[in-house]
Amino acid sequence: TFAVPTYPTSWQAIDGWTDFEDIYVEAVTHCPPGAVLVEVGTWFGRSAALMCSTIREQNKPVSFFCVDTWKGTQSGECKESHQKIVAALGGDMFDTFHHNLHYWRGLYVPLRMTSQQASELFPEHSVHFVFLDGDHTTEGVLKDIDCWRSKIISGGVLAGHDYNWTSVKKAVCDRFPGHQSSGSSWYVKL
């Protein structure tokens, strides 16, 4: 017998972290048609599905890119737990992400690469919103900020997750002394 796969149809049904719904909703609400939105660090796709759901609800013609290696964290305090999950999934999480985002196909473009590699695909001042939730080491966050900062249009937003982590907070405070934070997220309008 052939079993029909079941796909999540709600972002809440996907494993992951999303205590920044307001930031994603605002990003879509305030961006113009044709805007470019980027999420760095997609994991199982919960937050990507949130962004796709918001894009669909608002019927907003935008381009949304999901950047991840889908190999798990390679350094920092989550490395061990992430690598166990990745190993249990056969060494790669992309198929799980792809399955979880089936309902939202056509609303996102996966970029299976590092944050720095992905940033090189976008011209200077071409991106309206970037959300950083990949490498959580201070050095990693600094690199992510530095490679994406010049890609943001004037008036665009660079934001990120896990501001409550000392490593993330240190990097954000170093690069953006005037940033704002809300819960476990940070953001700055450029």
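**Backbone outliers, fold and charge pairing in the predicted model**

W70 is situated in the loop that joins strand 2 (63-68) to helix 3 (79-88). The model described here is a predicted one. In this model the phi angle of W70 is near 60 degrees, a positive value in a residue other than glycine. W70 is also buried, its relative accessible area being 0%. A positive phi of about 60 degrees is likewise found at D162, which is not a glycine. D162 belongs to the loop between strand 5 and helix 7, and with a relative accessible area of 12% it is classed as buried.

The secondary structure of the chain consists of seven helices and seven strands. Read from the N terminus, the order of the elements is α-β-α-β-α-α-β-α-β-α-β-α-β-β. The chain has 190 residues, and buried residues make up 49% of them. Among contacts with a separation of 6 or more, 76% are between residues 24 or more positions apart. The accessible surface of the chain amounts to about 9400 Å², and carbon and sulfur atoms account for 53% of this area.

Charge pairing was examined next. Side chains of opposite charge can pair when their charged atoms come close. The structure contains three salt bridges. In one of them, the side chains of E124 and K151 meet at 3.3 Å, N to O. This pair links distant parts of the chain, the two residues being 27 residues apart: E124 lies in the loop between helix 5 (115-119) and strand 4 (127-132), and K151 in the loop between helix 6 and strand 5 (152-161). The partners differ in burial class, because E124, at 46% relative accessibility, counts as partly exposed, whereas K151, at 10%, counts as buried.

A further salt bridge is formed by D146 and R175, whose closest N and O atoms are 2.7 Å apart. Here too the pair links distant parts of the chain, with D146 in helix 6 and R175 in helix 7 (residues 166-175), 29 residues apart. D146 counts as partly exposed at 40% relative accessibility, and R175 is partly exposed as well, with a relative accessible area of 26%. R175 also forms a salt bridge with D174, the closest N and O atoms of this pair being 2.3 Å apart. D174 has a relative accessible area of 47% and is therefore partly exposed. D146, D174 and R175 are thus linked in a network of salt bridges.

Helix 6 (residues 138-149) also contains D144. This residue is buried yet has no salt bridge. The nearest side chain of opposite charge, that of K143, is 8.4 Å away; a salt bridge would require a nitrogen of Lys or Arg within 4 Å of a carboxyl oxygen. When residues up to four places away in sequence are not counted, D144 touches V40, S115, Q116, L132 and D135.

On the surface, E21, D22, E26 and E57 gather in a patch of negative charge. Helix 1 (residues 21-30) gives the most to this negative patch, with three residues. E57, another member of the patch, is located in helix 2 (residues 46-58). E57 counts as exposed because its relative accessibility is 67%, above the cut-off of 50%.

H98 is part of helix 4 (residues 94-100). At 31% relative accessibility, H98 counts as partly exposed. Leaving aside residues up to four places away in sequence, H98 touches R105 and Y108. H98 and F44 are 54 residues apart in sequence, and their C-alpha atoms are 8.5 Å apart in space.

Key: Residues numbered from 1 in each chain as written. Predicted model: local features only at pLDDT ≥ 70, side-chain atom pairs only at ≥ 80, totals over all residues. Heavy atoms only, no water. Helix = DSSP H or I, 4+ residues; strand = E, 2+ residues; numbered from the N terminus. Buried < 20%, exposed > 50% of the residue type's maximum accessible area, 1.4 Å probe, protein only. Lys, Arg positive; Asp, Glu negative; His and termini not counted. Contact = heavy atoms within 4.5 Å. Patch = residues over 30% accessible without salt bridge, like charges linked within 9 Å, V, L, I, M, F, W, Y side chains within 5 Å. Areas by Shrake-Rupley, 256 points an atom, 1.4 Å probe, with all protein chains shown as cover. Charge placed at Lys NZ, Arg CZ, Asp CG, Glu CD.
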